[in-house]
Every structure is written in structure tokens, then in C-alpha cells.
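Please walk me through this structure stop by stop, saying what to select in the viewer next and what is to be found there.

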Amino acid sequence: MSDIPLLEARALTKRFRGLHAIERVSFVLRRGEMLGLIGPNGAGKTTLVNVISGTLPADSGKLFFEGAPIDHLPPYERAHLGIGRTFQVMKPFPRLTVLENVAVGALFGYHGGEHDLKVAREQARALLDFTGLMHRADQQADQLGGPDRKRLELAKALALKPKLLLLDEVMAGLNPAEIDDVVGVVKKIRDAGTSILVIEHVMRAIRSLSDRIIVLHHGEMLAEGEPNAILGDERVIEAYLGKRRA
Amino acid sequence: MLRAAILALCVLALAGVPLLGDEVLIQYGIDALLFATLAQAWNILGGFTGYVSFGNSSFYGLGVYGTAIAMAQLHWPFGVGLAVGAALAVGCAVLFGIPILRLRGHYFAIATLGLSATLAAIIANIDIAGKNIGLILPLTRADAAFYEEALLLLIAATATVAWIAKSRFGAALLAIREDEDAALVMGINTTRYKIAALTLSAFFTAIAGGIHAYWITFVDPGGAFDLTLNVRMVIMAMFGGPGTVFGPLLGAFILSAVYDVLASSISTAAALLFGLVIVLAVIFMPRGLWDLAGGFRRSGARYLLQNIRAHRL
Amino acid sequence: MLLAQILLNGLLLGGLYGLMALGMALVWGVLNIVNLAHGAFVMLGGYCVYFLFAGLGVDPFAALPAAMLAMFALGYLLQRYVLNLIIRSAQLNTLLITFGLDVVLTYLAQLAFTADFRTINPSYAGANLTVFGLTLPLLRLAAFVAALLLASLLWIVLQRTRLGRAIRATAQNLTAARLYGVDPARLYAVTFGLGAALAGAAGGLYGMVSQVTPYIGATLTAKSFVIAIMGGLENPFGIVLGGIVIGIIEALAAIYIGPTFTDAISFGLLVVILVARPTRSLRSA
């Protein structure tokens, strides 16, 4: 049973008006794994997340979740299956309170979510506690500052009770102390049984958050392997910094 | 507890109005109550789900004509007539809702307006609908009965909105309003909920139309599919407070009164004033009266300026 | 022959419609404001030209620039001191406030000008050219040409002048435009003023081929909607084309189906187009 990977992508391709956002991307994410996804700006990382979460349809290729094809499922059904994501440009529900924001996830998440409002609120409260947002529970979401917005984004995704969590650059704009904080939280999430795909630019975080790393460049898979191997790989360094002059 | 008591008192007071015997008051009452229902019905789709419809007059008109045709041409009783009108409106909501609800913002608003204009023109040319001449319904003198029926309808609509505000269904609508893309990835089947909201909206709007048709006993395409109705119900809901339970009621009662009072005096100055009121209201109380009341309590007159500061360029 | 005449009539009127819709599309595309008072500006422009013509004997075409200037000023002031106040609130609010403005302007016009029908009838109004056996009313032809000229003028301004570049930049990205020194308050006001000026010009032309009353605004606003959406907000020529299409459809429908259906057809077409077209870059609704 645990031989079937949680997520399998085969030759996923998405083009925007001739531009290859992602081109024949294939990889596997195993249960309980933390898979890092890195690549320079414009590599196609967020597009890949959009395709996995269902926000964007792929032009070609196949996507499997727990062995079953999900290519034609709309985003909400993928959420029901257990795929949750955060948005790089955060999307809170502005005029709902922080608690209500998270409760929405509990109400409509895994397997259709809870049908009892009270239960959903309880679960939301627990998540606010977990992400350190309890003191803001009754504030309107659009009044939150940057780091708190990230916490909210995370809490909302967790409320879906995801089996697979797609984290899209959650570390952006955080200082080192905050980064370590979030790394700790993400590890706790993994320990609780959620598999995670982490997209990151912040190298400090990627090292500690990845069992394996895949690298995208110009929409194509550049490399795949252990963190140390990848981060020392010439091609990867070149992709970020440009060709080394001899 | 106190709230429930106040509410009950208000309902009793409203229900008791016909006992006063003032013809004009009862007629104003029926108008106001029906408009309040229209505003409340609009509120479900516009206030809670964030889909601003400028085409609810379609459903109103279908309610009017469904009832009129059933009663005038087929000689069915009032209740059945209402059911026919409601069925037509709900059918229209589901049929056109699916494609039109894929649009957002201005485009949705305009598409609904287009729909209602098209429907109006079509109905004006159907035989059983009496074409442009209209239909006449059986006469009945029970103004008070219409009043109570309108009140009952309003209570039903408001109770529905109150339920929405506190239910899982409502949570989905609010999520769609606040951020539809985020709602999608959070597991909400937005299409299903939008259509449900539209259907509820259509239902109450149509019944209001049916009651109005029987009350004035004459229907014609211009009056039934009156496009200005759309703006009026939107303004009433917005003026009172979209997305709240009692806001639209407040807006409808107050603006109906303003309309009537002004219309009985110099009609041009009246309309002018009305337009001015709208402009000022949007500037100073863009969230409606309900929000104004709360805001005033919190920060006094500064509330008015806060809005400008928050929304200016 | 009859069909060709109908098409020609529709074409001539359509050019005017296109000009009218351009004003609305400009404001919509740049400020994301759907101006429900657009028709009122058309109406007021019509009255401007009418009074200059009937009161001062100015040739209507010569009066157009004056009308445009007056409407520009009105539009500028309204945007700068009224609409700018609410521009960042919910979209619905701009719809409502422009509706309110429409009511105010319409009834002010009624008070000032009465509900009498006004037509702008210069001495050459009855003159006709005959081309290939088709009747070409001189006035309508002149109006059509004027409409195309103004549309081209708008295109030139948008593409070749500093102001035009600033407007286009603001339409795409306000924040970036600000970084380049654009003053949003003034730019928005200028853009709205331009939209009003175009509307006013269309109104002056409209008064030459039809009648002006305080109430023509609503239908004209609606028509501008339809055309603006058909043409696409970014493309002035698409809009002129859309105007022509609507003009032709109206002419055909009036003869073959009946005048009562013309509005329904425009609206029906509108709904179909809205629903059927691929969701290209809709402004973040």
C-alpha cells in the first residue's frame, strides 16, 4: 500500500501563449516525505503548484494522487481528497475574522469537511493555537501584518486536513528568527503525518525542510536528488547565478 | 432574549398596521414590504455572495406573469399562480444561472441586466401573456390580506437570510464573496453554491411579483419587467447594508418612504434629491445604514470621514 | 437595393455609436469605472451643441469642440472631487454613485431645458448625396466622418502623446505608473474628462441625426455598454467596429423584426457574447 506514491506527476506541461511555463515535468512525492522545489524566478514553480491544486488545467501530462488520476478534478474536489495549498500572494478572506477564515477550511476540507459549525470552530481554534494566531482570532483578516498573514495562510491550508500540503514560498520576507520558527512549525506538520511540497527561495530553510529536492529551470526539470548533492550541483548554481566565466 | 422580544414586538406592530384602517398607509405598507422582500432577496446573492445582480427584475416579472397567466387565462387559484410564477423564476435561475454565474464583477451585473431586458421584450410578444396589452386578474378588495401576505413573505425571506448568516451554507457564500479563487481551493463547489443563492433570490423575488400582480390586478410587460426596479432594489439593499440581516429592510422602508413623500410633491425636485441622496450615501456610508449605526456608536462622526479616507484615491 | 440602403443607414449611425462607446470604454478600461451616467454626458453634449447652434447660430460641427471642452471640464471636476473619493471601495459603489449622478444630471437637465424634443437642424440638413443609387444624407455622412476622426484622434493621443502613455500605463499598473511620476488624482480626472468629452461630441452628433431630450441617456448608456463589451476595452477600433455592428443590427432589426425588438436584440447579443467568449484578461473582478 505504501508503495504507491502520494503524488505522481508525469510529463506535466502548461503553456501560456507560446511561453512554456512548465514543460514535461515528472516527479514523485512519497508519503511522509518533504520534497523541496527550487529554481530561479520564472522557473515555473508556482505554475506547477497551480496545476497540482487544480487552479490551472495542464495542457498535457498526467497527475496521480494516491494512485488515482486527478487531472480533471476541479480544485475543490482536490481539496476534498486532501490536497491543500498556500498562496504566494496571500489570499485571506479580507472581511472575515481570522477564526472564520480558518473555519472555512475546516468546514469544506477533507471529505467535504465538517457539517457542524461548532466542531469547525473548535478545529479552527486549535489551529490558531498551533500557528500562534490565537490572540488575533477575532480580528478582521485584512488588518493583519505580513508575518501574521503567512501564519493565517498556513492555518487555512491546515484546516483542510490535507494529506499533501503545497507550501508556496512561505518564508519570503521573514527574518532568520522567523524563518527558524516556521521551519519548526512545518516539521511539526510533517511529523503529524502530512506530506509536504515546499517551494522556497530561502536556502537556509530548504536544507532543513527537504528529504529530497527537485530543481526547475525554464519550466523543465533540471536536477533531482539529496539536498547536499543538489545544492552543490554545478548546473543548479549556474541556473541561479548564470554561467561561470572560465 | 431582549433582541428576540424587540423583534417580536416589531413584527406584531407591523402586523397590526391594517387595523389602523388608513388606506394610504396600508398601500404604502404593501409597497414597502414587497420592496423589502426584493431587497432582501437581492441581498442573498449580492450582499452575501458578492454577485451584484442588476437583473432580478427578470424573476419579478416571471413571478408576475406566472401568476397572471395562471389566474387570468387558466383560472387557477392564487396559491397555484404563485407556485407557477416561482417555478418559472427558479427554472430561469437554474437555466441561465449556470452560464451567467461564470462571469464576475461588472460583467455579471451587465449580463443580468441584458437578460432582464431580453426577457421583457420576449414576453411582450407572447399571446398567452396578452402581448403589450397585458392581462387583467380577478378583482378582490382585501387590501389588508395582501398586506399580511406581504409581511409573511418578508418574514420568510428575512428568516432565510438570518439562517444563511449563521449556517455552513452562508459560510460558503461569504467565502465566495471574499475571495472566490481561495474558496475554490478550500473545498467549496462555488458553482453549486452560487446557483443555490441565485435560486433562493429568484424564488422570493418571484413570489413578491405574484403578490403585487394580484394586488393591482393588472399586469403589462413594462410594469412587470420594469428595469428601474433593479436599481431601486439594489439601492435599497446597499443603502441599508448589504450582507446584513436587517440592513435591506431598513433601507427599503426608509427609501420607500422617501420615494413616496418626494413623489407626491414636485416630482422633478424629488428625483433630483433622490439622486443626490444616493451620491452622498455612497461617499459617506458605503457600507450602508446598518454599518453606519454601528460605526457611529463606535467612533461618532469620525466614521463618515473614515470611510472617505479608506476609499479615496 | 433596399438591403444596401439599410446597411448604409446602419453604418452611418453605427460610427456615431462607436464614438459614444469609446468614451465609456476609456473610463472603464483605465479607471475600472462603469459610468452609468455616460448617457447623461452624451445628452448634455447634445444640449451644448444645440444651444450654441440655436442660440448663437454657430455651425454644429464648429460647436463640437466647445461642447467637448465643457464636458471635459464637467467630467474632470466630477472625477476629481466626487468619484476619486470612493474609487477604492467596492465596485458596486461606483455603479451606484454614477447612477445617482445620472439621476441628478438628468433631472437638472429637465429643470433647465424642459422635456421638449430638440433637433439640430443646420441649413444643409436635408441635403442628400446619391451614390450608386443609394441615398446618403449629407449630415449623417458628415457625422460619421466626424466620429471616425475623433476616434482616430483618441487613438493618436493614446499612442503618441505623453498623456496617452501615462493613461495606458495607469490602466495597466497604477502602482508602477505612480513610480514614474504619474499623479493618479489628476490623471484619473483627465481620463474621465476625456471620456466625457467624447460622450459630449457623440451627443452633439446625435442631436444632428436624432432628437435630444433629457431622457435619452439611459438607452445610450446601455448601448455603450454593449458596444464596449463587444469591442473589448483595450481596442478603440474594435469599439468603433462594434458600434457599426450594432448600428447595422438595429437598422436590420427595425425593418425586419420590428422596432420594439431592437433593444432586446442588442441585449440578447450582449449576453451571448459575454457568456460565450473565452475568459481573457478580465480585470480582476
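Begin by selecting Glu114(A), which at 22% relative accessibility counts as partly exposed, a class that lies between buried (under 20% relative accessible area) and exposed (over 50%), with a 1.4 Å probe and protein chains only. The model is a predicted one, in which local features need pLDDT of at least 70, side-chain atom pairs count only at pLDDT 80 or more, and totals for chains, interfaces and linings use all residues. Residues are numbered from 1 along each chain as its sequence is written, chains are lettered from A and ligands numbered from 1 in the order in which they are written, and side-chain values use heavy atoms, with hydrogens and water left out.

**Salt bridges of chain A**

Add Lys161(A) to the selection: Glu114(A) forms a salt bridge with Lys161(A), the closest N and O atoms being 3.3 Å apart, where the term stands for a side-chain nitrogen of Lys or Arg within 4 Å of a carboxyl oxygen of Asp or Glu. This pair links distant parts of the chain, since Glu114(A) sits in the loop between α3 (98-108) and α4 (117-131) of chain A and Lys161(A) in the loop between α5 (146-159) and β7 (164-168) of chain A, 47 residues apart. Helices (H or I, at least four residues) and strands (E, at least two) are DSSP runs, numbered from the N terminus. Lys161(A), at 36% relative accessibility, also counts as partly exposed.

Next select Glu33(A) and Arg212(A), whose side chains meet in a salt bridge of 2.6 Å, N to O. This pair too links distant parts of the chain, with Glu33(A) in the loop between β2 (19-29) and β3 (34-38) of chain A and Arg212(A) in strand β9 (residues 212-217) of chain A, 179 residues apart. Both Glu33(A) and Arg212(A) are buried. Widen the selection to Arg30(A) and Glu224(A), and a network of salt bridges appears that links Arg30(A), Glu33(A), Arg212(A) and Glu224(A).

Then select Glu23(A) and Arg15(A), which are joined by a salt bridge of 3.5 Å, N to O. Glu23(A) counts as buried at 13% relative accessibility, whereas Arg15(A), at 37%, counts as partly exposed. Over all chains, the structure holds 23 salt bridges.

**Chain B as a whole**

Now show chain B alone, with its 15 helices and two strands. Its radius of gyration is 19 Å, close to the 20 Å that the globule rule gives for 313 residues, so chain B is as compact as a globular protein of that length; the radius is taken over C-alpha atoms, and the rule is 2.2 Å times the number of residues to the power 0.38. Along the principal axes, the C-alpha atoms of chain B fill a box of roughly 55 × 50 × 45 Å. Of the 313 residues of chain B, 59% count as buried.

**From chain B to chain A**

Bring chain A back into view: 22 residues of chain B are in contact (heavy atoms within 4.5 Å) with 26 residues of chain A. Chain B and chain A bury about 2000 Å² between them, 69% of it on carbon and sulfur atoms, buried area being the accessible area (1.4 Å probe) that two parts lose on being put together, summed over both. On the chain B side, select Arg168(B), Val185(B) and Met186(B), which lose the most area to chain A, together 40% of what that side buries. The count between chain B and chain A is two salt bridges; one of these joins Glu178(B) and Arg95(A), with the closest N and O atoms 3.5 Å apart.

**From chain B to chain C**

Of the two pairs of chains in contact, chains B and C share the most contacts, and 43 residues from chain C and 40 residues from chain B take part. The area buried between chain C and chain B is about 3900 Å², of which carbon and sulfur atoms give 81%. Select Leu85(C), Leu92(C) and Leu96(C), which supply 15% of the area that chain C buries against chain B, more than any other three residues. The count of salt bridges between chain C and chain B is zero. Between chain A and chain C there is no contact, and their closest C-alpha atoms lie 12 Å apart.
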